[in-house]
Amino acid sequence: MGANIAVANTEDDSISIFNEYGSHLLKQIILDVPGHGPKIGPRRIIHTYGQNIFSANAYDATVSMIDIGIGKEIAFYSVGAYPYDLCQNGDYILVCCGDSDNIWRLDRRNGEIICFIKCGRFPCAACNCDGRIAVANMLDCTISLMDDEKLMPVYGFDIQGTPMGIAFNGGSLYAAYSHPDYSKAYICRYTMYGEKLTVPRDVGVMPFKVLPIMLKGDVFIAVSSDAGIFIEDRKSLDTIKQIKMSGMPDDIAYGLDHLFVTNPISNELLIYDSRFELVKKTICGKEPRGVCIVPDA
């Protein structure tokens, strides 16, 4: 089975499905199940299983289940205020709801809401850490470690700034954060319990997403920020390459030996090859933000 690219267009309430090269729009899926608010605002998307993807809808506080095979939104579920990010842990999806300071847990098979878990102030990103969930709490400058089975936070630690993106790989937790006065942004590598393993590295002023990527058998850490995309050595966090671009790179996905970057300022999906050379710019809907790799629909 091949693969395609899904993009969430925040301002026109749609999901675009492109072919694997980003050169052809295959489907434009409008979120139109009755009962939504006047504006929906899909912001982040995640592929769960089969032909299903879920979108976190920032404007009307819902999560949509979308069947990309038939090209339709099939249901939506009300969650906390301003759902900002999604991650998967086994059969469950965790939704970061920033304005309600909690994480909502949904069954990935049917969207059933299981519960919500209180965490720090404005949770904005989450990642799976060997079965536990790390959550970046933007407004209290902390990272919470959550036990998804016990449905409770088990540990937390302060970082010296405003966390906006996190990822887990090889036993290490990577956090991208802005200085408290938003003058500079950094990425740092930690143990799961907050011990620093590297010195913080500069990555512009405002970070957005942290993503481990596999390149020629080695893992690197990609960071999107206002200064472009930074490709970092996984252990030292030395910058291997900085990809500069106009606009404001937001979400990133890696697969099919390519890096996919959304740019909500220019309404484009930018596609880079394995050498991180730009090979394609594709016009999306209005304000594309979320991006993920999906099965060939």
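**Entry 1: Asp251 and its partner**

I began with Asp251, which counts as buried at 1% relative accessibility, because buried means under 20% relative accessible area. The model I am reading is a predicted one. I then looked up the partner of Asp251: its side chain meets that of Lys209 in a salt bridge, at 2.7 Å from N to O. The two residues come from distant parts of the chain, 42 residues apart, with Lys209 in strand 20 and Asp251 in the loop between strand 23 and strand 24. I noted the general principle beside this pair. Side chains of opposite charge can pair when their charged atoms come close.

**Entry 2: other salt bridges**

How many salt bridges does the count come to? I recorded 12 salt bridges. One of them joins Arg44 to Asp250, with the closest N and O atoms 2.8 Å apart. Arg44 lies in strand 4 and Asp250 in the loop between strand 23 and strand 24, a separation of 206 residues along the chain. I checked whether these residues are buried or exposed. Both Arg44 and Asp250 are buried. I also found that Arg44 and Asp250 belong to a network of salt bridges with Glu287 and Arg289.

I looked up another pair, Arg201 and Asp238, whose side chains meet at 3.0 Å, N to O. Arg201 is in strand 19, while Asp238 is in the loop between strand 22 and strand 23, 37 residues apart. Arg201 has a relative accessible area of 27% and is therefore partly exposed. Asp238, at 37% relative accessibility, also counts as partly exposed, since that class lies between the 20% limit for buried and the 50% limit for exposed.

**Entry 3: the largest pocket**

I turned next to the largest pocket, which holds about 790 Å³ of space. Its lining has 37 residues, and those closest to the centre are Leu86, Ala126, Lys209, Val210 and Leu211. I had already met Lys209 as the salt-bridge partner of Asp251.

Which strand gives the most to the lining of the largest pocket? Strand 20 does, with seven residues. Strands 4, 8, 12, 16, 24 and 28 are among those that each supply at least two residues of this lining. I sorted the lining by class and wrote down 26 nonpolar, five polar and six charged residues.

**Entry 4: a sheet of four strands**

I followed strand 24 into an open sheet of four strands, in the order 24-25-26-27, with antiparallel pairing. Strand 24 and strand 27 stand at the edges with a single partner strand each, so one side of each has no neighbour in the sheet. From one strand to the next, the twist averages 20 degrees.

I then examined one pairing more fully. Strand 24 and strand 25 (residues 258-263) pair in the antiparallel sense over four bridges. Ala253 has Phe260 of strand 25 as its bridge partner. As a general note, strands of a sheet pair through backbone hydrogen bonds, either parallel or antiparallel.

**Entry 5: positive phi values**

Last, I looked for residues other than glycine with a positive phi. Asp13 has a positive phi of about 55 degrees. Asp13 sits in the loop between strand 1 and strand 2, and it counts as buried at 10% relative accessibility.

I recorded Ala61 as well, with a positive phi near 55 degrees. Ala61 is placed in the loop between strand 5 and strand 6. With a relative accessible area of 17%, Ala61 is buried.

Note on methods: Residues numbered from 1 in each chain as written. Predicted model: local features only at pLDDT ≥ 70, side-chain atom pairs only at ≥ 80, totals over all residues. Heavy atoms only, no water. 1 Å grid on protein atoms, 1.4 Å probe; cavity = no way out; pocket = protein on both sides within 12 Å on 5 of 7 lines; lining within 4 Å. Points joined across faces, edges and corners; volume = space filled by probe spheres on them. Nonpolar A, V, L, I, M, F, W, Y, C, P; charged D, E, K, R; others polar. Pairing = 2+ DSSP bridges. Axes fitted to C-alpha atoms, helices over the stretch in contact; angles between N-to-C directions. Salt bridge = Lys/Arg side-chain N within 4 Å of Asp/Glu carboxyl O. Buried < 20%, exposed > 50% of the residue type's maximum accessible area, 1.4 Å probe, protein only.
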